[in-house]
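This briefing is meant to be read beside the sequence and the structure. It starts from a single residue and its surroundings, and then moves outward to cores, a helix, the chain and a surface patch.

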Amino acid sequence: MSIPVPPRLRRLLPALAGAALLVAGCYPDSPENAEDLNMVVTAKVPGTDYADLHTFAMEDTVIVLDTGDGSGTPIDPSFNPVILQELRAAMVAAGFTDVTDQAGVEPDVQLVCGAVESEVWYYYYYWDYYGGWWYPGWGYYPPAVGVGSFDVGTLMWQLMDLRGVTPGVPDQDVRAAWIAGINGVLQDADSHTEDAIRTGIRQAFTQSPYIRAAAARQ
Amino acid sequence: MNRKIVLALLLALVAAAPAAHGQNAFGVCWTPALPLGDTDSFAPGLTGRGIGFDWRAFRSREFALGASFGWSVFHETTSGTFDNGTVAVTANRWNTINAAPIYVSAFRYGQASRREPRWFAGLNAGTVWLERRTLVGLLEFKDTNWHLAVAPEVGVQLPWDAFLGYAALRWNVAFSAGDVDTQQWLELRLGFGLD
């Protein structure tokens, strides 16, 4: 059974259908805010013996990461205590003994961390309907290019393997045992940023089960 | 190279069409599609984002040459931890395929009047511009290639006074190119025109 369609409407239907489909865009459901871009990355270093780690030490400093062109902007220093506190707590929770303040005790690993307030630019395309589909020459504006920017914030830390390193001897090779980083720590409110820092650090340890002190493995 | 071949075929087709003194027909269709094989692994699930344009020059009542191009978008958003044993990443991940086939085609039509549905079957061949893009957090991985492609198709041309012009099923097979394996999707073509 067929439905009669007035010829005039019938001529419009193809264009209507086409235009409606184009609204979907090339990249549907793309990231729309900084939170969408949150990322926790961890990497183990091949050749590292993770089974025999016991102690750690860390400095009470969050260095400014170098963005390559020397333009790295430090994140708000008020977040530094949160970063250091959470990292220390996560290491202890993983079974490591903190020997930072124990003179004469050499740690197995040294935790160093840095952060930078990086700005990320992204591009998106959209089709903007201006209405009046009956208007002669009706249609859509050409695809426009929009630009958005996020201050995402990046936090990175490493465990430097100090086993086999002789204290006081300069120019020794010190290998990293674990590299971890978080993108998207900066949020729209300080409390949210603190939450993002804590959540990101915990996730980094969760997805790296090999970062466990020997005592915690038993 | 693929583009040159397709463009040459299209030009030859356009040049040959008027000589046929036949009827030219144009159609626009919505092409919801189901990804298959590697395409389904990358961006699974039925997609409604697709559009197609068809042009056919009837050399006789039962035979038409034509051209077709379109655009389909396959997309999946996931989040979780992706671990390759050395590097682990926890993030949102957006997988998107943009595929734009450009085909020349030949179709055989069944005998019937314009007041009756007319079955047709044919083969499309040409190239597909295909972009596979993965966005993980702030990292973007993109692979764009021109794939040689074929697309067998069966369909029905509906009576001239029907609401819909035509409906067809097309199996797109875009052969491997660059680092991208063969991509496949089955699309339903619901169109206006072609009559």
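Leaving aside residues up to four places away in sequence, A:Phe96 touches A:Leu53, A:His54, A:Thr55, A:Phe56, A:Met91, A:Val109, A:Ile211, A:Arg212 and A:Ala213. The model is predicted, and the points below are to be read with that in mind.

**Nonpolar cores**
- A:Phe96 is also among the residues with the most contacts inside the largest nonpolar core, which has 39 residues, and it shares that standing with A:Leu87, A:Leu155, A:Trp157, A:Trp178, A:Ile201 and A:Phe205.
- At least two residues of this core are supplied by each of E2, H2, E4, E7, strand E8 (175–183) and H3 of chain A, and the largest share, 6 residues, comes from H2(A).
- Apart from this core lies another one, of 14 residues, which includes B:Phe42, B:Ala43, B:Tyr103 and B:Val180.
- As a general background to such groupings, nonpolar side chains tend to be buried together in soluble globular proteins.

**Helix H2 of chain A**
- Helix H2 of chain A covers residues 80–93, and its 14 residues reach 20 Å from the first C-alpha to the last, close to the 20 Å expected at 1.5 Å a residue.
- The buried residues of H2(A) are A:Asn80, A:Val82, A:Ile83, A:Leu84, A:Glu86, A:Leu87, A:Ala90 and A:Met91, and they pack against strand E2 (55–64), strand E4 (109–116), strand E7 (154–161) and helix H3 (190–206) of chain A.
- Just after H2(A), a positive phi of about 95° is found at A:Gly95.

**Chain A as a whole**
- Chain A has 4 helices and 8 strands, and from the N terminus on its elements run in the order α-β-β-α-β-β-β-β-β-β-α-α.
- Of the 218 residues in chain A, 41% are buried, while the chain exposes about 12,000 Å², of which carbon and sulfur atoms supply 55%.
- Among the contacts in chain A between residues at least 6 apart in sequence, 76% join residues at least 24 apart.

**A surface patch on chain B**
- B:Val154, B:Leu169 and B:Leu188 form a nonpolar patch on the surface, and together they have about 240 Å² of accessible area.
- Within this patch, B:Val154 belongs to strand E7 (residues 139–157) of chain B, and because its relative accessible area is 48%, B:Val154 counts as partly exposed.

Conventions:
Residues are numbered from 1 along each chain as its sequence is written. Chains are lettered from A and ligands numbered from 1 in the order in which they are written. This is a predicted model: local features need pLDDT of at least 70, side-chain atom pairs count only at pLDDT 80 or more; totals for chains, interfaces and linings use all residues. Side-chain values use heavy atoms; hydrogens and water are left out. Patches are made of residues with over 30% relative accessible area and no salt bridge: like charges are joined within 9 Å, nonpolar side chains (Val, Leu, Ile, Met, Phe, Trp, Tyr) within 5 Å. Accessible areas come from the Shrake-Rupley method with a 1.4 Å probe; for residues, only the protein chains shown count as cover. A salt bridge is a side-chain nitrogen of Lys or Arg within 4 Å of a carboxyl oxygen of Asp or Glu. Buried means under 20% relative accessible area, exposed over 50%, partly exposed in between (1.4 Å probe, protein chains only). The expected span of a helix is 1.5 Å times one less than its number of residues. Contact means heavy atoms within 4.5 Å. A nonpolar core is a set of buried Ala, Val, Leu, Ile, Met, Phe, Trp, Tyr and Cys residues joined through side-chain atoms within 4.5 Å.
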